[in-house]
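Thank you all for making the time this morning. Please have a look at the sequence and the model on the screen, and then I will take you through a few parts of it.

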Amino acid sequence: MDAANLIRISSPFTIFNKPHYSPASFSFSIPFSLNKNISSSRNYQKLSSGTSSGNDAVFDEAAYEAQRLALDAKARQSMVEASKRETEADPKAWKWVIRKRVWDFMEAHNIAQNPRPVHHRIPNFIGAAAAAQKLCGLEAFEVATCVKVNPDSPQKQVRFLTLSGGKKLLTPQPRLRTGFFSVLESSMLNPGTINEACTSVGVAKYGRPIGLDEQIKVDLIVIGSVAVDPKTGARLGKGEGFAELEYGMLRYMGAIDDSTPIVTSVHDEQLVDDIPVEKVLIHDVPVDIICTPTQVIFTNTSIPKPQGIYWDKLSPEKLGQIRILRELKSRIEQETGQKLPCGPSEKLPPTAKRGR
């Protein structure tokens, strides 16, 4: 059995409410989660986003959007550099090879909308609204009370249909820079603001930031993709790893489990057949259902879903940029008396500091 397969079958390790934790119980190749009974039985300081709906400061939409666009540009440039470094070091750097092929094809055949170019983005594909209609016709969506949707452009219509359908929308703040997740509900909005609430500015303006202590159950996860294999459910994002971090933190919160459906919406040309399942990493998130403008595909994926945050995969630089992760790491280390591992260093784009 090869190393990749050994990694994939590693068992998650969950600490239950026990008086003693053995150092021998920890492994650097497994996620770490706490039973919710532990955190509810102790007086932890609530982890919040650093902003609140009760803040009296005036929300500066123009400044927020300008800063978001500037940070996105820096992040995309960093991904360009990372892609170049990895492919030069290893011509068979397969994830970037597949991503670039899909991005190049979408640009060459003009099957994407703004923002362009699509490189180093979740592509805003032509037909995204049609794919959203198919997604929202799924039984898993219809019965869901709370839906987690990524903040990217092609899933904007999914966010709109979630809110206009009277469901609770959970969406991450862009690149987890400003905090964690925000919750929006139609009761918090009026018909004239629902569309705006589906944008990054609208989430910051109307959403209620939550922390890791929020008691929430997510019934369906919608995730963006650059490429996805309909036969296996293997998926590639744009290469930053935020979908995996978001998924891992929701696992920690007890908001989701293995049975929570994961759906992606993509263009038909984003369907690929060359994502090697044996190379899929333990923290990569597979999808159960794919919605395109023309079809719905149930993948029946056999790829195990991540069980939490894999700290040995998380670089010190990424940890340094995401406050909620630092607070989670500190909480777990304080609870267990054990220092969690850290992953190898990586080059990340700078992020601007925000005032409270």
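**Salt bridges, sheet and cores**

I will begin with a charged pair: lysine 238 and glutamate 240 form a salt bridge in which the closest N and O atoms are 3.9 Å apart. Please keep in mind throughout that this is a predicted model. With a relative accessibility of 14%, glutamate 240 lies under the 20% limit and therefore counts as buried, and lysine 238, at 17%, counts as buried too. This pair belongs to a network, in which salt bridges that share partners join Asp152, Lys238 and Glu240.

How many salt bridges are there by this rule? The count comes to 16, and I will pick out two others. One of them joins the side chains of arginine 235 and glutamate 244, with an N to O distance of 3.5 Å, and here arginine 235 and glutamate 244 are both buried. In the other, the side chains of arginine 331 and aspartate 213 meet at 3.0 Å, again N to O. That pair links distant parts of the chain, since arginine 331 sits in helix 12 while aspartate 213 sits in the loop between strand 6 and strand 7, the two being 118 residues apart. Arginine 331 has a relative accessibility of 5%, so it counts as buried.

Let me turn now to the sheet. It is an open sheet of eight strands, with mixed pairing, and the order across it is 6-5-4-3-7-10-11-12. Which strands stand at the edges? They are strand 6, residues 208-209, and strand 12, residues 296-298; each has a single partner strand, so one side of each is left without a neighbour in the sheet.

Within that order I would like to dwell on strand 3, residues 146-149, which pairs with strand 4, residues 168-172, in the parallel sense over three bridges. Along this pairing, valine 147 stands opposite leucine 169, and lysine 148 stands opposite leucine 170. Strand 3 also pairs with strand 7, likewise in the parallel sense and over three bridges, and there the bridge partner of valine 149 is valine 222 in strand 7. As for the side chains of strand 3, Cys146 and Lys148 point one way and Val147 and Val149 the other way, yet all of them are buried.

Strand 3 and strand 4 also belong, together with helix 7, to a right-handed β-α-β unit. Helix 7, residues 156-164, lies across strand 3, strand 4, strand 5 and strand 7, and runs at about 150° to strand 4.

That brings me to the nonpolar cores. As a general background, nonpolar side chains tend to be buried together in soluble globular proteins. In this model the largest nonpolar core has 38 residues, and those with the most contacts inside it are Leu170, Met249, Met253, Trp311 and Leu325. Strand 5 (181-184), strand 7 (220-223), helix 10 (242-253) and helix 12 (323-336) each supply at least two residues of this core. Which element gives the largest share of this core? It is helix 10, with eight residues. Apart from this core lies another one, of 23 residues, among them Ala144, Leu161, Leu169 and Val222.

To tie two of these threads together, Leu170, which is among the residues with the most contacts inside the largest core, is the residue that lysine 148 stands opposite in strand 4, whereas Leu169, opposite valine 147, is listed in the other core.

Definitions and conventions: Residues numbered from 1 in each chain as written. Predicted model: local features only at pLDDT ≥ 70, side-chain atom pairs only at ≥ 80, totals over all residues. Heavy atoms only, no water. Core = buried A, V, L, I, M, F, W, Y, C linked by side-chain atoms within 4.5 Å. Buried < 20%, exposed > 50% of the residue type's maximum accessible area, 1.4 Å probe, protein only. Helix = DSSP H or I, 4+ residues; strand = E, 2+ residues; numbered from the N terminus. Pairing = 2+ DSSP bridges. Contact = heavy atoms within 4.5 Å. Axes fitted to C-alpha atoms, helices over the stretch in contact; angles between N-to-C directions. Salt bridge = Lys/Arg side-chain N within 4 Å of Asp/Glu carboxyl O. Right-handed = clockwise from strand over helix to strand, strands pointing away.
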